[in-house]
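Here is a walk through one protein model, written for someone who likes to check the geometry. Keep the viewer open and follow along.

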Amino acid sequence: MEKSLILFCKYNGLCDGIKLSRSSRIGDFMKILCGKFSELRKHSLQLFYAIRDHPSTMLYNDEDLEVMFAVADSIGLNCIEVTVVDSRGFDSGTNGCGGDVGANISGVFDSGGDVGAGTSKGISFNRQGLVSRLLESMGYVGKEDDLEAMFCPHQQRPRLSDAWKELIKSVGQLFVGGSEGFRDALRKYSIVHSFEFDFVKNETERVTAVCKVKSCQWNIHARLDKVSGCFYIKRYYNVHSCVVVGRTTKNCHANSTLISQLIKDDVRDKSKKRPVDVVDDLKEYYGVGVSYNRVWLAVQKAKSSAFGDYLDSFNQLQWYHNVVLNLDPKSLKMVMQGNLRTALASTNVKYKESLIRVFLKCAYAPTVAKFNQHMELELHVVDMVDRIRKKMMTSMCLRRERASKWEQVICPYGESRLEKLYDLVKTWKVIPSSADIFEVDTDPSVSVDIERHTCSCCWWQLNGFPCCHAVCVIKYSGKDLNLYVERYFHVESYCQVYSKPIYPVASLWKGDVVDCGTSILPPLSKKPPGRPKKKRIRSNREKVREMKCSRCGKMGNHNKLVRRI
């Protein structure tokens, strides 16, 4: 016979017995409960059962139900008390801490909790006293933090500065790098623990620091070990008596040098990193607030550290030129010519349009900063040239791989264009004049010579690609359409353009620039006299709304220029 249990379910001061078999599911049990107590809903039920020393064991899924049956079998129980809780509000029954919630609430009101005469529609009472006594009656004494986390949950995310918490440990700890290594560790330790310190002694052989709050007893003293060359902690008192008073997120020791070390790799990958983005990143990933001016200086230092000195970068052009010539003297010239031709060709319309958009942005840039942004002039000259080379090298490699998979004679763009033209001319009528000359009877009619590759609309002569009239005539004559398309649009020519690779320029063994008597200097830039112009430079195609005078009613005048009569 199948094992079954009697579950005494308590809710809202009522109790009802339910017989549950071992094969039952938690969904079936909840459905029975919702039938017993009409105000309950299945999605908001929370169930707890009491066995021995565990008065509030959760009953959540089918696995919990099987565990309850197994425990009841092991200790020989036939009846179990189950508490039913509605998560939509205060529900009765025996709660997880023991006691009847409804009785507890009644006890709170009956104990005399500042209840007095109120309005005609209700009573007024002391909310704080009521909540405190209610929590005490429910067994939540001293657990206000747990309740706050329950009603307002906040998940603390790990930060990059968490690894700095153990940089300063105990007396005798060694620091590689001398005094600079110890100061760097001390700054990071103060940032992650949100306190500031002052240097009492800041020398190459000894460093003493105390907490910035005068009443705080935190202090540290480190000295140089002359044998090993390392700094070691000689005295350390790590207890802050200032408690929360000395805590701050705006740490003065988060200087521009330290920030530049943190963002150096990010600036190397993203040369257009904005200081305002760095401010947000430092707050999110390190928990420290830094001013915009300090971050701007840090970004400049990071760029100098990642890309080198601006003036020295022009002298490195000689080294870059020699490396490219040693790799392949003709490669760069041939590749750039072929790439530009192909980019401006009709077979690469998307690339052509993107290139034209970049040129238009540069041509109509309202400020110098916008022009530099579009031309990627934020980098130093050698890094800018090298980044352009990398883009070209990647683009050519991708196009070479893509073209190797093409099996047709004409490039995909040409094939799709021929299909569209053929669909257009299906209904056109062709009148032959000779073996090579035909007339297309349309409105207006045109003459096509397939031997000379000419059409009276002149489209074929200008582009080297058959126009719609030529396609109609060639298909009528039964000849191969691919023979009348210039080889420039063939897959073979496309593959030939991108067959020559651009070689990598390795900077691993790059030495210092040797002065051979000639040095390359940056271009001369002279600040123009007068106040900088703030008015935007208008485009030639931009329409300007003409002003109308409010006095004379004429266009182009202003009311201040017209005298009152």
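Two residues are in contact when they have heavy atoms within 4.5 Å of each other. With that in hand, start at Arg400: setting aside its neighbours within four places in sequence, Arg400 is in contact with Tyr498, Ser499, Lys500 and Pro501. Do keep in mind that this is a predicted model.

**Around Arg400**

Arg400 sits in helix H14. Its relative accessibility is 29%, so Arg400 counts as partly exposed. Arg400 also comes up in a C-alpha pair with Cys495: the two are 95 residues apart in sequence, yet their C-alpha atoms are 6.5 Å apart in space.

**The chain as a whole**

Zooming out, the protein chain has 18 helices and 14 strands. Of its 565 residues, 32% are buried. Take the contacts between residues at least 6 apart in sequence, and 56% of them join residues at least 24 apart.

**Cores**

In soluble globular proteins, nonpolar side chains tend to be buried together. Here the largest nonpolar core has 25 residues, and those with the most contacts inside it are Leu7, Phe29, Leu33, Leu47 and Met68. At least two core residues come from each of these elements: strands S1 (4-11), S2 (14-21), S3 (45-51) and S5 (79-86), plus helices H1 (26-36) and H2 (62-75). H1 gives the most, with five residues.

What does Phe29 touch, leaving aside its neighbours within four places in sequence? The partners of Phe29 are Leu7, Cys9, Ile18, Leu20, Leu47, Leu59 and Val82. Apart from this core lies another one, of 24 residues, which includes Val425, Val430, Ala470 and Cys472.

**Helices H8 and H9**

H9 makes a handy geometry check. With 16 residues (292-307) at 1.5 Å a residue, H9 should span 22 Å, and its end C-alpha atoms are indeed 22 Å apart. Its buried residues are Val295, Ala298, Val299, Ala302, Lys303, Ala306 and Phe307. Look down the axis of H9 and those residues fall within an arc of 140°, so they line one face of the helix. Helices H7 (256-269), H8 (275-285) and H14 (381-403) are among the elements covering them.

H8 has Pro275, Val278 and Leu282 buried. Viewed down the axis of H8, its buried residues stay within an arc of 50°, so they too line one face of the helix. They pack against H7 and H9.

Each of these helices is followed by a glycine with a positive phi: Gly287 follows H8, with phi near 70°, and Gly308 follows H9, with phi near 90°.

**Aromatic rings**

A pair of aromatic rings is described by the distance of the centres and the angle of the planes. The whole structure holds 14 aromatic pairs. Is the pair Phe465 and Phe489 stacked or edge-to-face? Their ring centres are 5.3 Å apart and the planes lie at 70°, so the pair is edge-to-face. Phe465 is in the loop between helices H16 (459-463) and H17 (468-477), while Phe489 is in the loop between H17 and helix H18 (491-497), so the pair links parts of the chain 24 residues apart. Both Phe465 and Phe489 are buried.

Elsewhere, Tyr189, Phe195, Trp218 and Tyr236 form one aromatic cluster. There's also a charge over a ring: Lys475 lies over the face of Tyr422, at 5.3 Å from the ring centre.

**Backbone oddities**

Most residues other than glycine have a negative phi, and most peptide bonds are trans. A cis peptide bond joins Asp443 and Pro444, with omega about 0°. Pro444 is in the loop between strands S12 (437-441) and S13 (446-449). Two non-glycine residues with positive phi are worth a look too:

| Residue | Phi | Loop | Relative accessibility |
|---|---|---|---|
| His453 | near 60° | between S13 and S14 (454-455) | 30%, partly exposed |
| Cys458 | about 70° | between S14 and H16 | 38%, partly exposed |

Conventions: Residues are numbered from 1 along each chain as its sequence is written. This is a predicted model: local features need pLDDT of at least 70, side-chain atom pairs count only at pLDDT 80 or more; totals for chains, interfaces and linings use all residues. Side-chain values use heavy atoms; hydrogens and water are left out. A nonpolar core is a set of buried Ala, Val, Leu, Ile, Met, Phe, Trp, Tyr and Cys residues joined through side-chain atoms within 4.5 Å. Buried means under 20% relative accessible area, exposed over 50%, partly exposed in between (1.4 Å probe, protein chains only). Helices (H or I, at least four residues) and strands (E, at least two) are DSSP runs, numbered from the N terminus. The expected span of a helix is 1.5 Å times one less than its number of residues. The arc is that of the directions from the helix axis to the C-beta atoms. Rings of Phe, Tyr and Trp (its six-membered ring) pair if their centres lie within 6.5 Å; planes under 30 degrees apart count as stacked, over 60 as edge-to-face and the rest as tilted. A charge sits over a ring if NZ of Lys or CZ of Arg is within 6 Å of the ring centre and within 35 degrees of the ring normal.
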